[in-house]
Every structure is written in C-alpha cells, then in structure tokens.
Protein chains: 2
Amino acid sequence: MKQKRTTIYDIAKALNIHATYVSKALNEHPTINQEMIDKVKKKAAELKYRHNSFAANLRTNYSKICGVVVPKINESFFSNAIAGIEEVCSQNGHHLIICQTQESYKKEVEAVETLIRQNVDCIIISLSLETKNGNHLQDVLANGIALIQFDRYDESILSFIVKNDNREAAGRAVKHLLDQGYQKIAYIGGPEHLKIYIERKQGFIDMIREAQISIPYEYTCNISLKREESRKIALELLNSPNPPDAFFTASDFAALGVMQAAKDLNIAVPEKLGIFGFQNEEFTQYLTPTLSTVDQKSMELGALSAQLYFSNLHNKEVITKNYKTEIVKCSLITNQSSDRSKKGSPIPKM
Amino acid sequence: MKQKRTTIYDIAKALNIHATYVSKALNEHPTINQEMIDKVKKKAAELKYRHNSFAANLRTNYSKICGVVVPKINESFFSNAIAGIEEVCSQNGHHLIICQTQESYKKEVEAVETLIRQNVDCIIISLSLETKNGNHLQDVLANGIALIQFDRYDESILSFIVKNDNREAAGRAVKHLLDQGYQKIAYIGGPEHLKIYIERKQGFIDMIREAQISIPYEYTCNISLKREESRKIALELLNSPNPPDAFFTASDFAALGVMQAAKDLNIAVPEKLGIFGFQNEEFTQYLTPTLSTVDQKSMELGALSAQLYFSNLHNKEVITKNYKTEIVKCSLITNQSSDRSKKGSPIPKM
DNA sequence: GTCGATATTGAAATCGATTGAATTCTTTTT
DNA sequence: AAAAAGAATTCAATCGATTTCAATATCGAC
C-alpha cells in the first residue's frame, strides 16, 4: 500500500491557515508576503511535503511532461538526441516519458496513444521505418498537444520539423569521395517513403551530375539500412564485371556491411575501395580502418527540437500556424575508410 | 491552449446513463452486463474518449508508472537493461519515466525527488559512480514506493537487488586468461564504494590465489573505468621492469585504454598481451582484435528487475520484508584479445 | 474617527475518474 | 400475489491542488 503523502491541508493545519493560502504561498503568488512564503516553505520542508503533480495537472490540464517517441533508444543517434531533449526540458522544468517503437508502426501508434492518455504537453517524435504516413499524429494535434517531428518526418502533418541538411551533406560526402579520386561510386539507401532517404539519394545524384560522370543503374539501391543486407548487395556489386570503387551509404550499419564485404573479398580499404557512411554511430571510430561518416549533430538536433516547443508552442494561447522547418547542418567526419592521402597500411587512430 | 477532452460525463450524457456506470463499464466491472459494456465502449470510441490518467491516479493513488534511474542511457549496458524493463512493464500496462544521472550524485537525488513527485509506483535504479550511499533512497521507501536496485546498489537500503555473479564471472575470466598461459595478470577496477567493483576484484584475487601465483602489489588498481586513465596506467605498468602479460579490467572502456597502450608500445595482442574486459559494450566486437569481455546479460537483468516488482511488490497490501537478492549469471565472450589458440595475425571476426 | 483604497486571507467550486453504499428494477420463490 | 433474492443502475463522497470571487484586515487621508 502506498503511503499517504503530506498535502497542503496538512501544512495548513500545522500553521493554522487555509489550504488555499498554502498553495498560493508555495507558488509565490504576488499577493502573499515574503514572510509567509518563507514560513510555509519551511513547514513544507519540515513535513516532507511533495507537490502532487496529478492533482495539479488534473486541475490545470497541463502535465509538464514531454513525450518522446523514437525507433530505438540504443542507437546512438537517438540516444544523443534524447540527451539533447532532456537537457532543454529539465532546464524548463519538464520531464520526459520515453517510448521506443522498435521501428514498428503498430508500436508507434500505441506509443502516441499512450502519451495522449498521459496528457503530455508535447510530443517529440521520429517516425519508425514502417511508418508510411503520419495520420496517427493528427490525433495529437486534435488534442491540442504540441507536435515536433525530427529527422524522420511526414511533412503533410502540420508541425515543426527539425532535420539535417541531408541533401547537402550527402553531396559533400560524395564530393569528398570524388576529390579522393574515386570515380565509380555506388549508393545504398533507405526506404523512400521517408523523406530523409530521398534527400540523401538526391544529394548523391546532385554531385554525380555535377561531376559530369555517369554511373550504372545498378549502382543505386534503396532497400537496405542493415548490415547483412548491405553486405550481400556489396558482394554482388563488387563481384560484377564493372565493380564500383566506392560506396556511399545512408547509414553506418550499411557501410559496415560494405566493409565486411570488402574484407570477404580481400579488397583494400581505402586503397581500392572508399566507404562513406552516415549517422556517426559510436562504433565507426573503433573499426579498422575507421569509417568515414556524416555527423548529424544529433544532440543539437534534439535540443533544438525541445527549444522550439518552449519558445513557440508552450503556453501560447493561440498556436500560431506558421510552423517552421529548422535545419541542422551536418559535419563530415573523414576517417580512414575514405582517405587515400595516407596510403599504405593505415595506422588506426585509436 | 489544450483542448478539452471527452470525459466519461460526455459519454454518459450521450447514452443517457450515469457517469459512474460508464466508468464501471469501461473497467468491465463484474456487475455490468456485456451488452452494456459493448455499447459504452462503442460510444467511447465514437467520441474519441481517452482515459484521463491524472484523474484516475489522483483517486487511486497509483500511477502505473515505473521510474528508471540510470547513469547514462546511451551506454549499451543500460540501454539494454532499459529495453528489458520496458518490455516487462508494457506487458503489465505500465509506463516508464526515464532519468539520467550522468554519474552525478546531485542529479541522482534530483531524479529520485522528481519521480516521487510524479507519484511513480516503483523506482528501478542503478546508482551513479559518485553516489557514496543510498540514503536518498530512504525517501522512496518512506513514500511506500517499491524500490529495486540493479547492478550498482547499496545493500544497506531495504530493497530488492538484482545483480550479476560479478565475483564468479571475474574469476572465470581470469581463469580463462590463466588457461591461455598468461601468468602475470594485472587488474584495473572501479571505485570500491560500489560493491560490484569489490566483487570483481575479489573474483580476480580468488583465482590468482587458487592458481597459487603471486602478483606484485602495483598490478591492482581500483581507480579507473575510463579509457584515457586506463591507457596511462597500462603504459606505466607495461613500461615497468616487471610488466604484466595480461590485463583484466572491470569495464570495457578501461580495456580499450589498455588496447590503445599496447598499440602505442607496439605490443602484440593477444600474443604478448592478453586483455579481458567487462560489460560487453557493442564496440568490443568492432575492435581489431576483437575484445574479450563478460556479458552481463543486461536485458535479462532489466527484465528480471521489473518482474520482481510485478510479482512481489505490485498491489501487495503489506510489503513483505523478505527482500531478496537475485543473481543473473554472466557469460564469458572470449574474443581475439585473449585467445592465443589462433596464433599469428588474427582474422577479424566481423 | 470615518471613509475608501489596498493588502491579505478564506470559501467554494472545479478538474475527471473511482468506489462502496444505496436505490431501483427484475426475477424467482412460496 | 406478496415477499425475498438478485441484478442493474445511480448517488455521493473522494483524491489534492488551483483559481475566482468574496470577506476581512490594514493603512492613510481628510
């Protein structure tokens, strides 16, 4: 059985004043003089009083809780984003309920449902891979809950969007490969119902076009973000009559698969094959050779998402409908897997 | 402004019955017949009714929320533990509020305070490195909130404890090193106000004693879990007149530092130096050579922690005071860094 | 010393669901 | 047909904080 907690009534009784007064004192209501505020606070501490969020939230209809929905909390991109969100939220006296979708659409719908039920003030979400559209987010808006999408979003839903300059960053990564002398660059991307993968591919195409080179049709593939799949795809391409001399992938896990394929076939990286990933997973720096990747500034991305809530949506009487899309610029991390300048056996950075 | 939600009163009005009845129907109270239950549920769905947790929780004093406090959600040990906790909690209709302490005592106290305020039913915690004692957990118990400590615990606090067989697992790891022919094994551990580090060291000592070998005093060091620190310590030891031929460390990050030191000094691993870590961080499998480590079965550990709540503490009128300590057995992952059987240049597993 | 203005404090309603007791309605029993 | 038993439904109180409005106290001015 849970203990009965100290309430404002207990404090009121102890001080022989009215509970209303206690509430006001604790909230430092302007009509209460400082002396009383101190007195009440002292007694509250003495009686180990703790504000009961439920009662307050029921009355005010605000929970000071942000719901966060991400595919996996243990992918570093997301865990860093959460760290950013948490920092900003706790600065603003808000707490986090975190839900994981495991890339499942069904779990995502459930998570959103749960968060609405929990009466969160705001939902910060990154869609699952299975999610084909964001219609389930309409419910969030209908309940007057602030909505912010980051990284993986559906732009047809009215909300703030925080994303990377995926297209430009992809372009810069490909440019780097070209600058290193790679000519036949293959691309392994993700499912194209998600905008980010369209953009990354577009950046790849932009740069290939700009360099006025042409690549065979089979060099671009949109289906795989996972290690094993990418490994197979890379093996096939590398064994073909006209193999690529570099890979740009939309995920580090895909790049890892490519690296594995190169090892399988005893192809030297970066000498014979350049590899460039995307996402800056922690493991990229532990590989041999270390993997070049695009850092999405995930922590900043998360922090910015939360900031948008506090500066634009929080406590705003009328939600102004001028939703913006904020862009966080990626930075390139060029590691050994794409760096031909130091030829010969690379010395691990470690 | 947040929307006003549909309430049981709205449903009651629509069906011309009493709100109480709606509540009971939705909860499938035994005195309500099925026909009515269906009718009410149908109308509820029609009106997009959502149960308001706050109102219910205020009344019942139960929130169906478990608070989780961990040092860092982005260390794989913890994120896997959280995944295990989440699975069990969601199976039991509970949600998670997750707090990060960043290994800071102050943040840990705040997190616990916050969770009590949020009226969570249960707190599952793993202490921060800075935490010297668990006195702040006394408040949790005083509020009748169930308490479960895992991995890093203070045994003087009355609670369930879920931990690994640290001592035995450490012993097995050291045994493995001995079996591989290493004789001069050094140990790098963590701060000994945390029981787990005492235990791991104890396991190390047990096995050294059992093998009837002696090691110099300076071979054991308790101060470092971090990469850079360990690297320095390893460099010093390896440069000493009587260098160790193997390291057993209480954390993978420390092992990583040792590996780095070996590389700095051009010492072949595992030929000249064996390394064995602890925790099974994801990166261990991406290193060259791959790092041997102890898998703490973190997901099971988390799941078991949550299960203890549901099977022993949840809805129990009198909290029976026979708290138990549950042990989850670790499994050894012997990788290249300690495996002399395949001599010569190791082929990465990848 | 009275009036009015301002500063303090109190009363009462409210948020939405739950719960046990009370009431009404239905069915069975005699 | 009346009484008893049982099922279905409603009543009323409650959880703890907030908030609006009313009441009282305090102070200065004339």
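Colleague: Which residues come closest to DNA strand C?
Modeller: This is a predicted model, so local features need pLDDT of at least 70 and side-chain atom pairs pLDDT 80 or more, while totals for chains, interfaces and linings use all residues. Residues are numbered from 1 along each chain as its sequence is written, chains are lettered from A and ligands numbered from 1 in the order written, and side-chain values use heavy atoms, without hydrogens and water. Strand C is surrounded by 23 residues, each with a heavy atom within 4 Å of the strand. The closest are Y21(A), K24(A), I8(B), S23(B) and R59(B).

Colleague: Which base atom of DNA strand C does the side chain of K24(A) approach, and at what distance?
Modeller: Polar contacts are pairs of N or O atoms within 3.5 Å; within protein, one must be able to donate a hydrogen and the other to accept it, and residues adjacent in sequence count only if both atoms are side-chain atoms. The side chain of T20(A) has an N or O atom 3.0 Å from a base nitrogen of strand C. For K24(A), the partner is a base oxygen, at 2.6 Å.

Colleague: Which element gives the largest share of the surface near DNA strand C?
Modeller: Helices (H or I, at least four residues) and strands (E, at least two) are DSSP runs numbered from the N terminus. Two or more residues come from each of α2 and α4 of chain A and α1, α2 and α4 of chain B. The largest share, four residues, is that of α4(B).

Colleague: How much of DNA strand D within 4 Å of the protein is sugar or phosphate?
Modeller: Both backbone and bases are represented here. Y49(A) has a polar side-chain atom 2.8 Å from a phosphate oxygen of strand D, and Y9(A) has one 3.1 Å from a base nitrogen. Of the strand D atoms within 4 Å of the protein, the rest belong to bases once you set aside the sugar or phosphate share of 60%.

Colleague: How are chains A and B related to each other?
Modeller: The copies were superposed by least squares on C-alpha atoms of residues with pLDDT of at least 70 in both. A rotation of 180° with 0.1 Å of shift along its axis brings chain A onto chain B, with an RMSD of 0.1 Å. That is the relation of a two-fold axis.

Colleague: Why do we say the copies meet through the same surface?
Modeller: Contact means heavy atoms within 4.5 Å. The copies meet through the same surface because the interface residues of chain A are also interface residues in chain B, and the share is 100%.

Colleague: Which helices do the buried residues of α1(B) pack against?
Modeller: In α1(B), residues 8-15, I8(B), I11(B), A12(B) and L15(B) are buried (under 20% relative accessible area with a 1.4 Å probe and protein chains only; exposed is over 50%, partly exposed in between). They lie on the same side of α1(B) because they cover an arc of only 100° around the axis, taken from the directions from the axis to the C-beta atoms. Y9(B) and K13(B), on the other side, are exposed. The buried residues pack against α2 and α3 of chain B.

Colleague: Is S251(A) buried or exposed?
Modeller: S251(A) sits in the loop between β8 and α11 of chain A. A polar atom of its side chain lies 3.1 Å from the backbone nitrogen of F253(A) and one lies 3.2 Å from that of A254(A). With a relative accessible area of 5%, S251(A) is buried.
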